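Let's take a walk through this one together. Have a look at the sequence and the model first, then read on.

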Amino acid sequence: MNKCTDSDIQEMLPDLLHRALADGERQRVEAHLATCDSCQEDLEVLRTVKSAVVFAPSIDVDSVVRQIPPYRTIVPATERPARTRVVSWLVAASLALVVLGGGSVLLQSNGSLASRSRIQQPALRIAKVPDATKPSPAESVARSRTVVQPIIAPHPQALALAADADGLSDGSLVQLMNDMNGFDALPASEPDPVISVDSGDSL
Amino acid sequence: MNPSPEGRPEETDMELINRWRAGDGRAATRLVGRHSQALARFAASAGERDGIEELVQDTFVRAFASLDSFRGASTLRTWLFTIERRLMLDRRRAERRSRETVPVEESDHVSEYGALDGLIAEEAQERVRKSLDALSPTQREVFTLRVQQGLSYKEIAEVVGSTEGAARVHYHNAIKTVKEFLKDE
C-alpha cells in the first residue's frame with residue numbers, strides 16, 4: 001500500500017469523524033478516500049480509537065454542581081487577594097519602619113555632628129582675672145572674679161574648665177572648686193561665650 | 001445553535017454563563033452536564049486511573065471560581081480542558097514527590113491496571129489502550145484531543161501550551177505509532 005502524501009486530507013480525517021467539515025470539504029475528503037487505501041486505513045484506525053473510548057466513570061452532575069459556590073460569593077479575581085492585601089500592608093508597614101528608622105538615624109547622626117561641631121567650637125576658658133578693687137593678694141584670690149573666656153580646645157573632648165587648670169595656684173584651685181560647688185547645675189544649653197562669675201555670688 | 005430536546009434552540013455556553021452570573025443555578029447544572037463527560041474521557045485517555053470524578057469536580061470548581069477571566073476567546077470546553085490538564089499535571093507532580101519518599105510496592109502496579117483491565121473487556125479496546133500507552137504523554141494528549149474530542153490543532157495547542165505546528169507533528173507521529181502497534185498486534 002502506498003503511503004498517502006496529501007497531508008491536508010490526512011489532517012481532516014478526525015474532523016470527518018466528528019462531522020465537523022463543511023459540505024465542500026467533506027465531499028473532497030470522501031472523494032479522496034474512495035481512491036486512497038492508506039487514508040482508508042487511517043480512518044479505520046481513528047474510528048477504532050474513537051469508539052474504543054477508554055473507560056471513564058459517569059460523572060454525577062448534581063454532586064459537582066453542589067460544590068460550585070454561587071457567583072456572588074466568589075471574590076472576583078481582581079479583588080481576590082485577601083492574602084495579597086495582607087502582604088501589601090506588611091510591605092507598607094515595613095517601608096514605613098525603614099523610612100522612620102532611617103529618619104531617626106539621620107536625625108541622630110545630625111545631632112551628633114552638631115554636638116561634635118559644638119565641641120570643636122571655641123571652648124570655654126576659665127581664667128582668674130585679678131580684681132583691681134582688691135589689692136591684697138589674699139583678698140585678690142578670695143574675691144577674684146572668674147571669667148569664662150572662649151579658648152580653642154586642644155582636644156575635641158577636653159573639658160573647658162580643665163583646659164587652663166595647670167596655670168592656677170593651689171589657692172586659686174581651691175577657690176575655683178568652692179565656686180563650682182556653689183553652682184546649682186551645669187547649664188544644659190550651650191553656654192554663652194563669656195560668663196563672668198563673681199566669687200561671692202551664687203549663680 | 002442546536003435545538004434542545006424541547007425544540008427550543010440550545011443555549012450557548014456564554015448565554016448559560018451569563019445566566020449563572022445573574023443567579024440562575026440551573027445554568028451551572030446545564031454547563032456541567034454538557035461538559036463533564038468529555039472532561040472525564042479526556043482524563044481517562046490521558047492516563048488518569050483513579051479519582052477522575054474528583055478531578056472533574058475540581059476542574060469545574062476552579063473554572064466557575066475564575067469564570068470572570070474567561071473571555072470567550074476559545075470555547076468553554078477548550079478552556080476546561082486546559083484547567084483539567086493543569087490539575088492532572090499537579091497531581092502527577094504530587095504523586096512523583098510522594099513516590100520519592102514512599103517506597104513503591106509491587107501491589108501498586110497491579111492495582112493501577114487491575115481496575116482498568118476489568119473494565120475494558122473487549123480485546124479491541126485493550127489493544128487501543130495499549131497503543132495509546134505506547135505514546136509519549138504529549139502525543140497521547142494531542143492524539144486523544146484530536147481523535148476522541150475532535151478539537152482543532154489551534155485548540156489543542158492552547159490546551160497543551162504548544163503551537164499548532166507542534167500539535168500537528170505530535171498528531172502525525174502518534175497516528176503512525178498507533179497504526180503500527182495495531183497492525184503488529
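In which kind of crossing, left-handed or right-handed, does α1(A) pass α3(A)? The crossing is right-handed, a word used when the near helix is turned clockwise from the far one by less than a right angle (anticlockwise would be left-handed). Before going further, note that this is a predicted model, where local features need pLDDT of at least 70 and side-chain atom pairs count only at pLDDT 80 or more, while totals for chains, interfaces and linings use all residues. Residues are numbered from 1 along each chain as its sequence is written, with chains lettered from A in the order in which they are written.

Back to the two helices (DSSP runs of H or I, at least four residues, numbered from the N terminus). Helix α1 of chain A covers residues 7–17 and helix α3 of chain A residues 37–51; they pack at about 40°, axes 10 Å apart. That angle makes α1(A) oblique to α3(A), the label for whatever is not under 35 degrees, over 145 or from 65 to 115.

Just past α1 of chain A, in the loop before α2 (23–33), sits R19(A). R19(A) isn't a glycine, yet its phi is positive, at about 50°. R19(A) counts as exposed because it has 8 C-beta neighbours inside 10 Å; the cut-off for exposed is 12 or fewer.

Now for the two chains. Their contact (C-beta atoms, placed from the backbone, within 7 Å) takes 41 residues from chain B and 27 from chain A. On the chain B side, α2(B) gives the most, with eleven residues.

Methods: Axes fitted to C-alpha atoms, helices over the stretch in contact; angles between N-to-C directions. Contact = placed C-beta atoms within 7 Å. Buried ≥ 20, exposed ≤ 12 C-beta atoms within 10 Å, placed from the backbone.
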